[in-house]
Structures are given as structure tokens and as C-alpha cells.
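Subject: Structure for your study

Dear colleague,

Please find the structure below, together with its sequence. My findings follow it, and I would ask you to read them with the structure open.

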Amino acid sequence: MSAFAAHSLEADLALKAQARRRKMIAGFGFFVLVVTSTIAVVYPFYWMVMASFTPEGYSLTNAPLLLPDRFSVEAYQSVFAERPLMTWLGNTIAVTLGGTAIVLPAALLASYGLNRFRFRGRMVFIFLVLLCQLLPASALIVPIFLIFRDYKLIDTTLGVTIAFTTFMLPMAIWVLWGYIQTIPHEFEEAAMVDGCNGLQAFIRVTLPLAMPGIAATALFIFLEGWNHYLLAFVLTSDTQQWVISLGLYSFIGQYVIEIEQMMATSVIAAFPALVVFAIMQRYLRGGLSLGGLKG
Amino acid sequence: MDYSSTARARTSISTQVYLIAGLMLLLGVGALWLFVTGITDALMHRAAGADFGAVLLRYLHVNGIILPLIELGLGLYLIRLAARFLRRDLRAAMWVRQLLLWGVVASTVFVVQALGSALATQMAATEAYMIPVIGVILALTLTYAYLWIGSNIEKFEGQETLAESSARFAWNLLVPTLLVLVFVALRPLEKTFIASLTDQRFAAGADAEVNFVGFDNYAKLLGVRWDLVQCTTDDTGACAVDESGATVFPRARDVLDETYRDLRYREISTWLTLGGTKLIFSARDTNFIGSIGNTLMFTVVSVTIELILGIFIAMVINSKFPGRGLMRAAMLVPWAIPTVVSAKLWTVILRDNSSGILNAGINLIQRTLGLPEESIAWLARPETQIIAMIAIDVWKTTPFMALILLAGLQTIPADIYEAADVDGANRITQFLRLTIPLLRPTIAVALVFRTLDAVRVFDVFQVVLAQKQYSMATYNYYTLTNSQQLGYASAVGVVIFVIILLFTVAYVRILGVSAE
């Protein structure tokens, strides 16, 4: 009897040890996966920063993998001297902030209206938003160019901003919808019982509760605006009106000699977006929910 | 005396009701009149002997497609509303009041714009300021009518339900979005479609003639055909064979019917060779058909990889381990980097010779393993070009996928997994039986968004490959800028739109995605 109990205890211990070992191996495997995937994701970015700090012409022949043996900031000096980088950055910021300022209120109202109310024409409207979401920018560049030329919006920051707005609006509606959906509408009803009208209930109750979602959407729009390329490419030809992504494009054809300068410009172009991202990324903790559509 | 004063009040109220109803009726009839004159104008040109295509084109150029529909719908709606308003229907009155408010806003904007252009053009003062003055009068009239209905609302009969008043409120919320979508998205789309029916050229002189060509552009763009070609026979009647032992076939354009040559079909690929015949696939615009293939390949492969990696990353971010915050930030870095930057960065990484960082890495591994060093010209060969595109896109957009999936993961309660643990299910079973089914709705939505984005891919292809290989979007762009064929390029745009639409419909059917 006692022998049997001892045996079973021993077996139990052995089993536990085995389980612990297996858990450790699994943990180690998990760790390796995490580390390698992080490196795979971050390394190109690291290389970009590193190459931008090498003397001109260095990375072409040496292609350093980890650390170069010579550092230099001459690439930065020459890009700032040779190209209107600050103007491009200023234009990009103007387009991005302007776009966010137009898209966010419109999308907020629309997603609130579509999420909270049932009315005739609602499905038609949702379909319309989805349709506009599907529009390929490349299919619209011609008419947008012609229409904007009529309104003298070519080569203006305003023109690029307006065009950008159109393509961000549907996406912003879906993203915000997801956040508004998580706010119980009983809150607004309670406010309405207390004498608020619809708009007041929205401004005083829903808006503050939706703030994290609004921040996430704003970040999303900002990053897309910073990314934004095709429409700016078509709508601006004057280099003084370019956004930074177009400035980068201008390195095409010269890239053989100027890797360092190109990388330096890339770092400068990515830097503001990364700063904003670093500040705002906590609002993405719960992910981006596209609540308007359900699988 | 009392009696007469109420009677007077009633008549005066009635006057205003009649006036407002009349205004609505006038606007409604005006809209219908615009609709009808558009058609009669076209009919008159037809009667004058213009051919059908020219008349249709003229109509579309003047009126478009959306505008007549809006005119018709708005006209009928306003007339009906005016009739209900006359019957003192409260619900109609509320809607009239709503429309008047929008009218006030619209006419104010109109006045500001007209004033702006009047100041800018410096026309003769009276002419230039006539339009703003009319606008001001209109705005004031509409404001008066709006205020009058507001203060006399008790004169109307009936009751507006809560649902009806909130519907009105909801439409108020949607107006800004509606305006943006109609004027900056749908109107250009309509113009693209109209242009695609013509042979219009970009930047052509004002006197250049624009002809209606129907669906010719589409026929040229999508013209594909399969043909069976017989081998070249030698003297004995058997198939001729070249030095390497392969059967010799004549050029397709030499043996096939005349339309093949006249419509400039060109061979894309041979599908199968059987005995003395082969099946060849030709297209009129080989570049476009090729770009469809490239884009579909790019879309399917990159989205699949992104989905798998995205689920993995989302689960890692969602689990608890030391350094999790750091990893989450690191994983999302590529998303924050502008596409042009990442595309440029990768062109350097993938450079053909050993100065490309990837080749340097591969060479390093080859050296350590004692293998001969060999560099791959990633961006020089068609097959590896597409692989490079996929790699860049995966690097860049997997974080976005992960973010969407993370939102879905966080809605799965942790106690489900605890219950599964108690039941003895291992991690893999839990993943397959719990996570995936519960995540399915989010996966569906993420797939839709990523696929639609991938089908429209432009910047990566343009920055890295330029005209070496096309995606549909870059082909669209280059047809426009290189050959300046506005009509043809527009047709490309419409075809892309239709392909995306088909994708969406397929997704909606297969995955059961619906708008909430």
C-alpha cells in the first residue's frame, strides 16, 4: 500500500518535472521566435539609420551589416543644403494635419449617425461609404486632376489635402464605428432623459467616452497622410509644393551614388511619423477595430 | 371683433404656408425642369441629325450620370413634400424646416464663394455683385421661412415619432460625409467612366475632337483569345523538329485569321502542347493582362502571409511576457514608416550585386558554410521582382493586420482558455478550436480591407519597379502619362474598380461579411 503510494508520488514528480521541462522548452522556443521576428522587423530600419550616418559613397562599396567603421553626418548636411527638405516637411505636416482636421469631425458624425440610428436610406449610405472605400485612387487621378485644375487647386497644399480627405474618410468611418459601438447607448438615452437634445448628448456623453478611439483614428489618419503619395504625385509638379514622399522619389535615377543621402532623407521623413506614433501608440493597445463590418 | 382677428390670423398663417409650399414646389419643378431640358436638348440634337454616340456623349458631358438622378429624385421628393406640407402635416413641416436650414447653409456658402470670385475677377461692379446679392436675398428668405415654421409648429397636425426625429438628426450627421463622397469621389468616378467611352487624349488642344467609341477601349484592354496552332510540317507531313528536339511551330500571327493581326493580338504564353498542336493564350494589351496577373499573385500571396504572421504577432502581443511593450512598439515600427521610405530602403537592401545588404548577408552565410558565394539579382528577374514586392509589402503591412486582429483577440474572454486547460486541451487544439473560430469575424474583415488595399497597390511597384513590371494601378498611371490616352487610361481605371468590386462581392458571399 505504502509502496504503491510512494511509487505514484515518484511518478507524479517525474511527470511534473517533465511538464516543467516541456514548458521551459516551449518558453525558450517562444522567446527565440519573438526575438528573431523582432530583429527581422527592426533590422532594415536599423540599417537605414546606420547607413545614413556613413560618409558618402561608403555604403555602396562596403555594405556594412552591423556597424560601419566610419561615421559621418555629411549626408544630412548635403540633403539639407541641396534640397528644400524643410519646405517638404512643412507641406507634409500641413496636408496631414489639415486632412485629419477635416476627416475626423466628418467621420465622427457619420459613424455616430450610422451606428446609433436606424432610418430609411441607411443601408444605401453604408453601401456608398463602402463603394468609396473601394475606389482605386489610380482610377480617379485624371478627373481629380481636371476638376482641381478648374478650381485652381493644382500645385497647392489645399488641393492635396482635399483629395487626401476623400480617400481617408471611409476608412476613418469604419475605424471610429468600432469604437463608438463599444459605448453603451444607454448613456446617451440617460442624458436625453435629463434634458439634453441629440447633439448635446453626443457632445457631452459620447465624445468624451470615445476619446481613446478618436485618438487612435487620428493616429491612423496621420500615418496614412504621412504615407500619402499618389495623389500628391499627380497634383503637384512645383517642387516647392511637394510633400516629403515626393522628395524621396526625386532620388530615383541618382540612387547609385547617393545611398547615404537617400537614407538620410528617409530617416528625416520617417522621424516625425515615428515620434507621433511613439506618443500615441498607447491608444492602439486594444488594436484597431473596424466595427462597421462584421464577418 | 375677436372672431375677425382670429380669421385674419388664420388667413395670414395660410398665406405663409402657401408661400413656403410654393417655394418647395418651385424648387421641385425647377429640378424636374433641369432634368427634362437635359433630355430634350439631347433629343433635339438627335433630330438635327447628329449620330447617336455624339448625342449620348454630349448629354453625358453636360449632365453626367449622377446629376440627372439627383434632379429627378429631388424634384419628385420636393413636390410630394410640398403637397404634404399644404395638408399641414407636422412630419412634412419638420422635414421642410430641415431642408430650409440646409438651404440657408448652402446659400451662405454660395454667397461667400461668389463674393470671393467677384473680388478676384474685378468684373464691372454691378454684374459681379448681382449674383451675391441674389444669394443674400435667397438666404434671408430661407432663414425667414425656417424661423417661421419653428415658431408656428403648433399650427401643424400630427405627431412625429421618436424614430422619425432621430432619422432627421442622423441625416444631419451624415450630410458632411455625403457631400465629400459625392463631389470628390463619385463625381470623379463618373467622369472616369464617361471618359472611358471616348478616344479623348490628355492635354490635347482645345480643338481636338473627342469621339464616342462605345466599349472599344474595354474590348482592346480585355481582348484575350485562346488559339490552337498546328505545328510546321516537314516534307513527310510529320511535325518539324529543331536541333534541340523541340517541335517547331509557326508564329501565331502568320497562321491565324486576319483579325489576330488587325487587332494586334500578341502571344502571352503557351498553355499546353499535345502532339502536333499547342494552345496559345494571346491578348491585345499584353501589359495590362500581365499586370492583372502580377497584381492577383501579389495580392493572394502577400495577404496570406500577412494573415498568418499577423495572427502570430497579435497573439504574441496579447500574451504576457517580459519585454512585451518593447516588442509591440518594435513590431509596429514598419507601419509608421512611409511606404516610399520602405520601398526605397528595400531597393537598397535588395540591390543586385554584393553591395545589396541581403546579398551581403546571404554571402556571409555561404562563406561560413563553405559554399561558393553567389549573389541574386533580386530586382532584375521578373519572378524575383514579384517576390521582392511581396516581401516589402509583408514587412510594411503585417503590423496593420496584427492591429486589426489584436482588437478581435481582446474580445475573447480569458476564462474560455482556462476552461479548455481544465479539460486538458493543449495549446494547438485551443488555437484551432477556440481562437480561430472566435476570431473568424475579425479575420474576415481584416482580409477584406487588406485585399482591397493590395489590389490597388501603387507606390511599392512604382518606386521600386517603375516600368519593369506593372501592377494594375501603375499600369493605369503609365498609360496616362506616357501615351496620354485619357480615354484608354480611364477604361483601365474602371476595370480596376470593377475587379475590386468583384472581389468584395466574392468576400461578402464567401465570408458572410456584412455592414453591421
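How much area do chain A and chain B bury between them, and what share of it is on carbon and sulfur atoms? Please keep in mind that this is a predicted model. In it, the two chains bury about 8,400 Å² between them, and 78% of that area is on carbon and sulfur atoms. On the side of chain A that touches chain B, the largest share, 13 residues, comes from helix α1 (residues 2-52) of chain A. Sorted by class, this side of chain A has 77 nonpolar, 19 polar and six charged residues. In terms of contacts, 102 residues of chain A meet 89 residues of chain B.

I also looked for polar pairings across this interface. The rule finds six residue pairs in polar contact there, both residues of each pair being at pLDDT 80 or more. Salt bridges between chain A and chain B number zero by the rule. The structure nevertheless holds 13 salt bridges over all chains, and I describe some of them below. As general background, side chains of opposite charge can pair when their charged atoms come close.

Chain B is divided into three parts: domain 1 (2-195), domain 2 (224-284) and domain 3 (287-511). The centres of domain 2 of chain B and domain 3 of chain B, taken over C-alpha atoms, are separated by 38 Å.

Where in chain B is Asp89(B) found? Asp89(B) sits in the loop between α3 (66-86) and α4 (90-121) of chain B. Is Asp89(B) buried or exposed? Its relative accessible area is 16%, which is under 20%, so Asp89(B) counts as buried. A polar atom of the Asp89(B) side chain lies 3.0 Å from the backbone nitrogen of Arg91(B). When neighbours within four places in sequence are left aside, Asp89(B) is in contact with Arg84(B), Phe156(B) and Glu157(B).

Three of the salt bridges deserve your attention.

- Lys155(B) and Glu154(B) are joined through their side chains, with N to O at 3.0 Å. Lys155(B) is partly exposed, at a relative accessible area of 30%, whereas Glu154(B) is exposed, at 54%.
- Glu190(B) and Arg187(B) form a salt bridge with N to O at 2.2 Å. Both residues lie in helix α6 (residues 162-196) of chain B, three residues apart, which is about one turn of the helix. Glu190(B) is buried, with a relative accessible area of 6%, while Arg187(B) is partly exposed, with 27%.
- Arg456(B) pairs with Asp453(B) in a salt bridge whose closest N and O atoms are 2.9 Å apart. Arg456(B) has a relative accessible area of 17% and is therefore buried, whereas Asp453(B), at 35%, counts as partly exposed.

Which residues are joined into one network with Arg456(B) and Asp453(B) by salt bridges that share partners? They are Glu306(B), Asp393(B) and Arg450(B).

When you go through the structure, I suggest that you begin with the interface, where chain A and chain B bury about 8,400 Å², and then turn to the network that includes Arg450(B).

With kind regards

Notes. Residues are numbered from 1 along each chain as its sequence is written. Chains are lettered from A and ligands numbered from 1 in the order in which they are written. This is a predicted model: local features need pLDDT of at least 70, side-chain atom pairs count only at pLDDT 80 or more; totals for chains, interfaces and linings use all residues. Side-chain values use heavy atoms; hydrogens and water are left out. Domain bounds come from an automatic or database domain assignment. Contact means heavy atoms within 4.5 Å. Buried area is the accessible area (1.4 Å probe) that two parts lose on being put together, summed over both. A salt bridge is a side-chain nitrogen of Lys or Arg within 4 Å of a carboxyl oxygen of Asp or Glu. A polar contact is a pair of N or O atoms within 3.5 Å; within protein, one must be able to donate a hydrogen and the other to accept it, and residues adjacent in sequence count only if both atoms are side-chain atoms. Helices (H or I, at least four residues) and strands (E, at least two) are DSSP runs, numbered from the N terminus. Ala, Val, Leu, Ile, Met, Phe, Trp, Tyr, Cys and Pro count as nonpolar, Asp, Glu, Lys and Arg as charged, and the others, Gly among them, as polar. Buried means under 20% relative accessible area, exposed over 50%, partly exposed in between (1.4 Å probe, protein chains only).
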